[in-house]
Amino acid sequence: MSSSSSSTYATSSLVIGYALCSSLLAVINKFAITYFNYPALLTSLQYLTSTLGVYLLGKLGLLHHDAFTWDTAKKFLPAAVVFYLAIFTNTNLLRHANVDTFIVFRSLTPLLVAIADTVFRSQPRPSKLTFCSLLVILAGAVGYVANDSAFTLTAYSWALAYLVTITTEMVYIKHMVSSLELNTWGFVLYNNLLSLMIAPIFWFLTGEYTDVFTAVNANGGSLFEPVAFFAVALSCVFGFLISFFGFAARQAISATAFTVTGVVNKFLTVVINVLIWDKHASPVGLVCLLVTICGGIGYQQSVTVAKKPSDGVSQVMNDGEKVDEESVELIPGKVATNV
């Protein structure tokens, strides 16, 4: 096999791996929280898996991450707290609502981030194309909520909490990226390790520890049923794998191709969610969801076009490179874009 054929095969494998991980992750997390109804403990296990994964792969020389220091940890701690809250509300949203509702509210974040960037970070106002795209996102989201037959106050309270925290996290992490000298895997390590340290506080604040102890006593000292164990293990593994494939895919393909892959992943998530179970929106709700995603496509394209002249966007994220502040999005085990 020629070197060009090997390179093409490797690139295709990375893109397919990233697409599968990204499109399946929300569904897998919904699967996990359905059978393992302990959101704080579930996210802690995901943080633990990602932290150990980065540390062990670093020891094996398969990736490079910044060394953990308490001075840097103190500076990073506020970002880690906001990150933890975003993931915690995300998990509780999936606990009480379907994956489609999660995607709709997740897709609303560019609108709030654009407003927050303009108001708090003195960034330029969005272009006309960007503004129109954001309006399409908003229209799709409003249509979805209006036609959501599964609407509950609890689910939408978590959805609003998630929207606020993820927007805060995305705006604040841009500031952290520009002020801390960390590479991509360094951010993953600090984010997940500090979140793991924060987790016990939320176990007690939410009272979840009593539910866990009650379940352990009721099941003869075991917390995991076979299906629950499989679901949790799958969510932890996929949470870390998306880091690897996300970074590797960004390195192997252009930023535009990576963006297109991210958009396709959203459509795949919707299709997979509809096919595997009945926990999805009505036909009208699905149409509104697709409108929201299409608005996201327009937004991503408008941002890409706006940034091309200045060549300000990094097209790769090598292990030793600094993270571009405009391309950061964090989920357990991950720093990547357009997921």
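**Chat about aromatic pairs, cores and helices**

Author: Hi! In this predicted model, the count of aromatic pairs comes to 18.

Reader: Nice. How far apart are the ring centres of Phe 105 and Tyr 156, and at what angle are the planes?

Author: The centres of those two rings, Phe 105 and Tyr 156, are 5.5 Å apart and the planes sit at 70°. Planes over 60 degrees apart count as edge-to-face, so that is the label for this pair.

Reader: Which helices do Phe 105 and Tyr 156 come from?

Author: Phe 105 belongs to helix α4 and Tyr 156 to helix α7. They are 51 residues apart, so the pair links distant parts of the chain.

Reader: And are Phe 105 and Tyr 156 buried or exposed?

Author: Both Phe 105 and Tyr 156 are buried.

Reader: What about Phe 204 and Tyr 209, what kind of pair is that?

Author: That one is tilted, because the ring centres of Phe 204 and Tyr 209 are 4.6 Å apart with planes at 40°. Phe 204 counts as exposed, at 55% relative accessibility. Tyr 209, at 30%, counts as partly exposed.

Reader: Which residues make up the aromatic cluster with Trp 158?

Author: Trp 158 forms one aromatic cluster with Tyr 47, Phe 83, Tyr 84, Phe 88 and Phe 202.

Reader: Back to α4 for a second. How many of its residues are buried?

Author: Nine of the nine, residues 99–107, so helix α4 is largely enclosed by the rest of the structure. Among the buried residues are Asp 100 and Arg 106, along with Phe 102, Ile 103 and Phe 105.

Reader: What sits at the start of α4?

Author: Asn 98 does something there: one of its side-chain oxygens comes to within 3.3 Å of the backbone nitrogen of Asp 100.

Reader: Let's talk cores. How many residues are in the largest nonpolar core?

Author: That core has 49 residues. Those with the most contacts inside it include Phe 102, Ile 103 and Phe 105, as well as Leu 108, Tyr 144 and Leu 289. Helix α7, residues 153–179, gives the largest share, eight residues.

Reader: Who does Leu 108 touch, skipping its neighbours within four places in sequence?

Author: Leu 108 is in contact with Ile 137, Leu 138, Ala 141 and Leu 163. Apart from the largest core lies another one of 19 residues, with Phe 88, Ile 173, Ile 198 and Phe 202 among them.

Reader: Where is Ala 80, and is it buried or exposed?

Author: Ala 80 lies in helix α3, residues 70–96. With a relative accessible area of 0%, Ala 80 is buried. Leaving out residues up to four places away in sequence, Ala 80 touches Asn 191, Leu 194, Ser 195 and Ile 198. Its C-alpha is 9.9 Å from that of Phe 187, although the two are 107 residues apart in sequence.

Reader: And Ala 146, buried or exposed?

Author: Ala 146 is exposed, at 64% relative accessible area. You'll find Ala 146 in helix α6, residues 128–146. Between Ala 146 and Gly 285 the C-alpha distance is 8.5 Å, with 139 residues separating them in sequence.

Reader: Last one, the whole chain. How many helices and strands are there?

Author: The protein chain has 12 helices and two strands. Of its 339 residues, 51% count as buried. Among contacts with a separation of 6 or more, 85% come from residues 24 or more positions apart. The accessible surface comes to about 15,400 Å², and 68% of that belongs to carbon and sulfur atoms.

How values were computed:
Residues are numbered from 1 along each chain as its sequence is written. This is a predicted model: local features need pLDDT of at least 70, side-chain atom pairs count only at pLDDT 80 or more; totals for chains, interfaces and linings use all residues. Side-chain values use heavy atoms; hydrogens and water are left out. A nonpolar core is a set of buried Ala, Val, Leu, Ile, Met, Phe, Trp, Tyr and Cys residues joined through side-chain atoms within 4.5 Å. Buried means under 20% relative accessible area, exposed over 50%, partly exposed in between (1.4 Å probe, protein chains only). Helices (H or I, at least four residues) and strands (E, at least two) are DSSP runs, numbered from the N terminus. Contact means heavy atoms within 4.5 Å. A polar contact is a pair of N or O atoms within 3.5 Å; within protein, one must be able to donate a hydrogen and the other to accept it, and residues adjacent in sequence count only if both atoms are side-chain atoms. Accessible areas come from the Shrake-Rupley method with a 1.4 Å probe; for residues, only the protein chains shown count as cover. Rings of Phe, Tyr and Trp (its six-membered ring) pair if their centres lie within 6.5 Å; planes under 30 degrees apart count as stacked, over 60 as edge-to-face and the rest as tilted.
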